[in-house]
Amino acid sequence: MKTISNKNFPAALISQTVRVKIPDFDQCKIGSLKLLAVVVEIIDEEFYRIGSKAGTLNQLFTRNQFTLCEEKFISISDVTNTTKSIRKAVAQLSLSGGQGFLRCDCQKKCTTKKCKCRQSNVLCNSKCYNSTTCANK
């Protein structure tokens with residue numbers, strides 16, 4: 001069984017470009033399904049620390065959690081020194097700015113800066129609150 005696993009998932013080398021599958025709950029609505037990254041460090045010959053252009057991912061990966069790329073898309077010098085979760089890295093690299101949306105629970109008309117949507121210069125949407133009148137639509 002170990003021989004078959006080693007054949008299907010050969011060891012990755014440091015500075016090799018890999019594709020990490022983004023979990024469903026971390027994906028953006030219009031973003032990619034895979035995150036391009038590079039192997040930064042190998043720990044105990046079976047755990048891999050992986051970094052992307054957004055920063056180093058804060059978890060360790062085993063060899064069956066990513067696929068190897070034959071081309072070199074990212075180098076280690078492109079990886080920033082910050083440590084981030086997959087969700088934050090994907091949100092930073094996506095065109096849409098991440099998977100979530102802003103939502104306020106204002107009881108008034110959203111006229112002050114206490115409204116989360118108005119603070120971020122975003123219009124309120126139907127998910128914000130019930131049918132109260134709003135000045136930020």
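Thr 17 has Val 38 of strand E2 as its bridge partner, a handy way into this predicted model. That contact belongs to the antiparallel pairing of strand E1 (residues 17-21) with strand E2 (residues 34-43), which are joined by five bridges. From here we can look at the sheet as a whole, then at its aromatic pair.

**The sheet**
- Six strands make up an open sheet with mixed pairing, in the order E5-E1-E2-E3-E4-E6.
- Its edges are strand E5 (66-68) and strand E6 (83-84), each of which pairs on one side only.

**Around strand E3**
- E2 and E3 run antiparallel and are joined by five bridges; here Glu 41 stands opposite Arg 49 in E3.
- Arg 49 also has a bridge partner in E4, namely Leu 60.
- Strand E3 (residues 47-52) and strand E4 (residues 55-61) run antiparallel too, with four bridges between them.
- Three residues lie between the strands in the hairpin of E2 and E3, where Asp 44 takes a positive phi near 55 degrees.

**The aromatic pair**
- You will find one aromatic pair in the structure: Tyr 48 and Phe 66 meet edge-to-face, at 5.3 Å centre to centre and with 85 degrees between the planes.
- Tyr 48 sits in strand E3 and Phe 66 in strand E5, so this pair ties together parts that are 18 residues apart in sequence.
- Both Tyr 48 and Phe 66 are buried.

Conventions
Residues are numbered from 1 along each chain as its sequence is written. This is a predicted model: local features need pLDDT of at least 70, side-chain atom pairs count only at pLDDT 80 or more; totals for chains, interfaces and linings use all residues. Side-chain values use heavy atoms; hydrogens and water are left out. Two strands pair if DSSP finds at least two bridges between them. Helices (H or I, at least four residues) and strands (E, at least two) are DSSP runs, numbered from the N terminus. Rings of Phe, Tyr and Trp (its six-membered ring) pair if their centres lie within 6.5 Å; planes under 30 degrees apart count as stacked, over 60 as edge-to-face and the rest as tilted. Buried means under 20% relative accessible area, exposed over 50%, partly exposed in between (1.4 Å probe, protein chains only).
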